[in-house]
Amino acid sequence: MSKAKSIVILTVLAILIAFFGAASFVTFPIGKYDYKSVFGVISKGIDLEGGYYAVLTPAEGESASAEDIDAVIETLRKRLDDNGYTEATIERQDSGLRVEIPNVDDPDSLMSLIGDQGELQFRDSNGDVKLTGDHIRNAQAGYDSDGNAIVQLEFTSEGSDLFAAATKAIAAKENGVDNKLSIYLGDTLVSSPTVESQIVSTTAQITGIDDYDTAKTMASVSVQFKISESKPISASMGENVLGKAMIAAGIGLLVIFVIMIFMYRGMGGAASIALMIYVLLYVGILAIFPGVQLTFPGIAGIILSIGMAVDANVVIFERIKDEYASNDMKTIESAVKGGYKRAVVTVLDSNVTTLMAAAVLWIFCSGAIKGFAITLFLGTAISLVTSIFVTRWIMYLFKPFGGEAEGVAKLYNLKRGND
């Protein structure tokens, strides 16, 4: 590649970095409207931007056991995660529980999401509701003799009468129904047993449930919870803490750039540009990736992944220097190729291990730990691409500025073993 072509490409690259850098981190007015930066679009946690909290307690006249509360917590946890509130926290409080949700735009919809645990309904094949959770005195999750999850039900007096009438009509296939009694939790069908004859009993057993957690959730809805208190809450880390953290991060990156350039010269400069591209890609992906809510643990994941990106470049550069120093006959091109070949295995090994650990935390944990895992996983994956491919491409663009072989070696800070 010619020097002139490298200058053109690097100039265009610098303009793009400046443009997307401003778009990512600067908020400014455009006519009558205010442009919100890409980073500003990323959902923030309670510790950074505050949110809402709600206290749920058993409805009047009802009491909840520890198992009931655990089941409701699991139900709300899954519901909040499915709706993008991965950083929400749910904790026991007295006889109920407290839910804290960050970055709430529509409090009314959110309170509806939290307050509705889903009603247990028994329907025929026409969709007619025959009885509900209000007609159940007690419900317990358990296992049958084959180890399958079940729910043991005890009906109220009215519920027992309604259940007998429903099973009689369904078994006789009255009004064109089939002999299935469908059991729903909210709008979700959880079981559809066949009814062969009328069942007259104060108890019943729900079978055909996928797992024990679903059984616990079904059993818990026999106790209805209500929102007894809800209020907005301010950022727990204080106002403007995010701005200060951004300034500190910017200073940290500048220090990294200076150290990398001082130690590796042109290679360090290439790594610095690749790191800027990495940061912009990272911010863009965090803004569009579902389920991301940035908290201080999430920022810790970002910092760790940036460290992984820098470490990968250092490993690669050291291998290149070793390759060049070990053989006086080796060209710079072969040293770079050999250095990358030796280093990539090490870089992949460390990064894949980190990705696996982050994936496990992402899948099996919740709240702040899940937020940390998401940012760490995404950051590590992006750093693999930038450190292995982008840095090498920019080094290729820098090469014409060194001129002859000795000049390129000086540009990359490469020395022979006897120098």
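User: Let me start with one residue: is Lys 173 buried, partly exposed or exposed?

Analyst: Happy to begin there, with the reminder that this is a predicted model. Burial is read from relative accessible area, and partly exposed covers the range between 20% and 50%. Lys 173 has a relative accessible area of 49%, so Lys 173 is partly exposed.

User: Where is Lys 173 found, and what is its phi?

Analyst: Lys 173 sits in the loop between α6 and β11 (182–185), just after α6. Its phi is near 55°, which is a positive value in a residue other than glycine. A second case to look at is Arg 265, whose phi is near 50°, again positive in a non-glycine residue. Arg 265 belongs to the loop between α8 (241–264) and α9, and with a relative accessible area of 38% Arg 265 is partly exposed.

User: Let's step back to the whole chain. How many helices and strands are there?

Analyst: The protein chain has 13 helices and 15 strands.

User: What does the radius of gyration of the protein chain say when set beside that of a compact globule?

Analyst: The idea is to compare the chain with a compact globule of equal residue count. For 419 residues that globule would have a radius of gyration near 22 Å, while the protein chain has 30 Å. The C-alpha trace spans about 95 × 50 × 40 Å along its principal axes. As for burial, 46% of the 419 residues count as buried. The chain exposes about 21,100 Å², and carbon and sulfur atoms supply 58% of that area. Among contacts with a separation of 6 or more, 71% are accounted for by residues 24 or more positions apart.

User: How do I check a helix, say α6, against its expected span?

Analyst: Take 1.5 Å a residue and compare the result with the distance between the end C-alpha atoms. Helix α6 (residues 157–171) has 15 residues and should span 21 Å; its end C-alpha atoms are 21 Å apart, which agrees. Helix α1 (residues 3–25) has 23 residues and reaches 32 Å, close to the expected 33 Å. For α9, also 23 residues, 33 Å is expected and its end C-alpha atoms are 34 Å apart, in agreement.

User: Which residues of α6 are buried, and what do they pack against?

Analyst: A list of buried positions is best read with the helical repeat in mind. An α-helix has 3.6 residues a turn, so residues three or four places apart point the same way. In α6 the buried residues include Gly 159, Phe 163, Ala 166 and Ile 170. The buried residues of α6 pack against β8 (129–132), β10 (149–155) and β13 (203–206). Phe 163 also belongs to an aromatic cluster with Phe 122 and Phe 155. In α1, the buried residues include Ser 6, Leu 10, Leu 13 and Ile 17, whereas α9 is mostly covered, with 17 of its 23 residues buried.

User: How many aromatic pairs does the whole structure hold?

Analyst: A search finds 8 aromatic pairs. In one of them, the rings of Tyr 278 and Tyr 282 have their centres 5.5 Å apart and their planes at 45°, so the pair is tilted. Tyr 278 and Tyr 282 are 4 residues apart in helix α9 (residues 266–288), which separates them by about one helical turn. Tyr 278 is buried at a relative accessible area of 0%, and Tyr 282 is buried at 3%.

User: Which residue outside its own neighbourhood in sequence is Ser 383 in contact with?

Analyst: Leaving aside neighbours within four places in sequence, Ser 383 is in contact with Tyr 278, Ser 305, Ala 309 and Asn 351. Ser 383 lies in helix α12 (residues 367–398) and counts as buried at 1% relative accessibility. Thr 380 is in α12 too and is buried, with a relative accessible area of 0%. Beyond residues up to four places away, Thr 380 touches Ser 305, Asn 351, Thr 354 and Leu 355. The C-alpha atoms of Thr 380 and Ile 306 are separated by 7.8 Å, although these residues are 74 apart along the chain.

User: Which arginines lie over the face of a tyrosine?

Analyst: Here the reading is the distance from the arginine to the ring centre. Arg 98 lies over the face of Tyr 53, at 4.0 Å from the ring centre. Arg 392 lies over the face of Tyr 340, at 4.8 Å.

Methods. Residues are numbered from 1 along each chain as its sequence is written. This is a predicted model: local features need pLDDT of at least 70, side-chain atom pairs count only at pLDDT 80 or more; totals for chains, interfaces and linings use all residues. Side-chain values use heavy atoms; hydrogens and water are left out. Rings of Phe, Tyr and Trp (its six-membered ring) pair if their centres lie within 6.5 Å; planes under 30 degrees apart count as stacked, over 60 as edge-to-face and the rest as tilted. Helices (H or I, at least four residues) and strands (E, at least two) are DSSP runs, numbered from the N terminus. Buried means under 20% relative accessible area, exposed over 50%, partly exposed in between (1.4 Å probe, protein chains only). A charge sits over a ring if NZ of Lys or CZ of Arg is within 6 Å of the ring centre and within 35 degrees of the ring normal. Contact means heavy atoms within 4.5 Å. The radius of gyration is taken over C-alpha atoms; the globule rule is 2.2 Å times the number of residues to the power 0.38. Accessible areas come from the Shrake-Rupley method with a 1.4 Å probe; for residues, only the protein chains shown count as cover. The expected span of a helix is 1.5 Å times one less than its number of residues.
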